[in-house]
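I opened a notebook for a structure I had not seen before. These entries record what I looked up, topic by topic.

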Amino acid sequence: MTTTDERHQERMARKKAVIDEKIATAQEERGVLLVNTGNGKGKSSAAFGVVARALGHGQQVAVIQFVKSRSDSGEEAFFRRQPGVHWLVGGEGFTWETQDKVRDAQAAQAAWAEACRHLSNPAIHLVVLDEMTYAFKYGWLDLEQVLHTLAARPPLQHVIITGRAAPEALRQAADTVSDIGNEKHAFQAGVKAMPGLDW
Ligand code: ATP
Ligand code: MG
């Protein structure tokens with residue numbers, strides 16, 4: 001073995017020791033609150049990846065979509081066919097499409113009422129609140145009240161909230177926050193939203 005190989009091996013051994021120590025100290029088992037936010041692509045699709053993971057373990061999952069103009073997304077078609085999935089498209093569409101503030105607020109509140117049912121049910125392992133951040137931005141839901149309900153959920157239940165511009169108090173309350181940046185997106189180059197990739 002050359003000295004370069006030996007140095008590499010030593011470095012890797014030191015790295016492994018550090019990682020092993022971190023793994024050994026992370027012993028807590030509890031439900032985690034995740035926030036997938038930012039302007040880049042991947043917030044909802046990352047959440048649906050976790051849905052697949054949870055279902056693979058035979059877990060029960062609830063997905064509530066707060067702002068959704070379409071009911072023909074690939075994820076909905078796929079996950080509705082799986083056992084253990086509770087799926088609700090709650091939103092009436094984006095606010096600039098409906099242009100009806102009262103109806104938007106009512107739709108968001110109805111979706112939240114359904115979410116609350118799952119957030120008090122310990123049989124549900126994972127709750128995805130897709131595009132929920134818009135409900136705070138437009139004042140459809142009271143953030144304080146939502147944080148209170150999230151804090152009181154079953155101790156082993158995971159929650160993923162997606163959407164741009166997550167409010168600071170939500171980021172503070174979360175255990176894991178991923179702020180996905182937009183380096184570039186095909187849409188900006190004129191590519192339309194493609195089935196199977198974007199919806
Ligand atoms: P995805 O569902 O693909 O993970 P997302 O949840 O991060 O996307 P949203 O803000 O919910 O993003 O927007 C959903 C739709 O908008 C998708 O079709 C996605 O490809 C598209 N999109 C996401 N980010 C951008 C962007 N920066 N510019 C243009 N379109 C975007
Ligand atoms: Mg999304």
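**Entry 1. Terms and outline**

I began with a definition: helices are DSSP runs of H or I with at least four residues, strands are runs of E with at least two, and both are numbered from the N terminus. I also noted that this is a predicted model.

With that in hand, I placed Q106. Q106 sits in helix α5, which covers residues 101-119. I looked up its accessibility next. Q106 counts as partly exposed, because its relative accessibility is 49%. I then took a distance from Q106 to R80. The two are 26 residues apart along the chain, and their C-alpha atoms are separated by 24 Å.

Then I stepped back to the whole protein. I counted 8 helices and 6 strands. Read along the sequence, they run α-β-α-β-α-β-α-α-β-α-α-β-α-β. The C-alpha trace spans about 70 × 45 × 35 Å along its principal axes. The protein has 199 residues, and 37% of them are buried.

**Entry 2. The magnesium ion**

Which protein atoms act as donors to the magnesium ion, ligand 2? I found S44 through OG and E131 through OE, at 2.0 to 2.1 Å from the ion. I checked where these two sit. S44 belongs to helix α2 (residues 43-56), while E131 is in the loop between β4 (126-130) and α6 (133-137). They are 87 residues apart, and the pair links distant parts of the chain. Are S44 and E131 buried or exposed? Both S44 and E131 are buried.

I stayed with E131 a little longer. Its relative accessibility is 11%, so E131 counts as buried, the cut-off being under 20%. Its backbone also caught my eye. E131 is not a glycine, yet its phi is positive, at about 60°. For context, most residues other than glycine have a negative phi.

I looked for another case and noted A165. A165 is not a glycine either, and its phi is positive at about 50°. A165 lies in the loop between β5 (158-162) and α8. Its relative accessibility is 54%, so A165 counts as exposed.

**Entry 3. Ligand 1**

I turned to ligand 1. There are 14 residues around ligand 1. Which of them come nearest? I listed K41, K43, S45, E131 and D198. By type, the shell divides into 1 nonpolar, 8 polar and 5 charged residues.

I then went through some contacts made by oxygen atoms of ligand 1. A polar backbone atom of K43 is 2.8 Å from an oxygen atom of ligand 1. For E131, an N or O atom of the side chain is 2.8 Å from a ligand 1 oxygen. For R164, an N or O atom of the side chain is 3.2 Å from a ligand 1 oxygen. How much of ligand 1 does the protein bury? Taken alone, ligand 1 exposes 570 Å², and the protein buries 82% of that.

E131 thus appears twice in my notes: E131 is a donor of the magnesium ion, and E131 is among the residues that come nearest to ligand 1.

**Entry 4. Salt bridges**

How many salt bridges does the structure hold? I counted 7. Side chains of opposite charge can pair when their charged atoms come close.

I started at R30. E28 forms a salt bridge with R30, with the closest N and O atoms 2.9 Å apart. R30 also meets D175 in a salt bridge, at 3.1 Å from N to O. D175 is in the loop between α8 (168-173) and β6 (176-179), and R30 is in the loop between α1 (3-25) and β1 (33-37), so this pair ties together parts 145 residues apart in sequence. I looked up exposure for the three. E28 is exposed, at 63% relative accessibility. R30 is partly exposed, with a relative accessible area of 37%. D175 is partly exposed, with a relative accessible area of 37%.

I closed with R80 and E76. Their salt bridge has its closest N and O atoms 2.8 Å apart. Both sit in helix α3 (residues 74-80); because they are 4 residues apart there, about one helical turn separates them. R80 is partly exposed, with a relative accessible area of 46%, whereas E76 is buried, at 5%. My last note went back to R30: salt bridges with shared partners join E28, R30 and D175 into one network.

Note on methods:
Residues numbered from 1 in each chain as written. Chains lettered and ligands numbered in written order. Predicted model: local features only at pLDDT ≥ 70, side-chain atom pairs only at ≥ 80, totals over all residues. Heavy atoms only, no water. Donors = N, O, S within 2.8 Å, 3.2 Å for Na, K, Ca; no water. Buried < 20%, exposed > 50% of the residue type's maximum accessible area, 1.4 Å probe, protein only. Near = heavy atom within 4 Å. Polar contact = N/O pair within 3.5 Å; in protein donor to acceptor, adjacent residues only side chain to side chain. Areas by Shrake-Rupley, 256 points an atom, 1.4 Å probe, with all protein chains shown as cover. Nonpolar A, V, L, I, M, F, W, Y, C, P; charged D, E, K, R; others polar. Salt bridge = Lys/Arg side-chain N within 4 Å of Asp/Glu carboxyl O.
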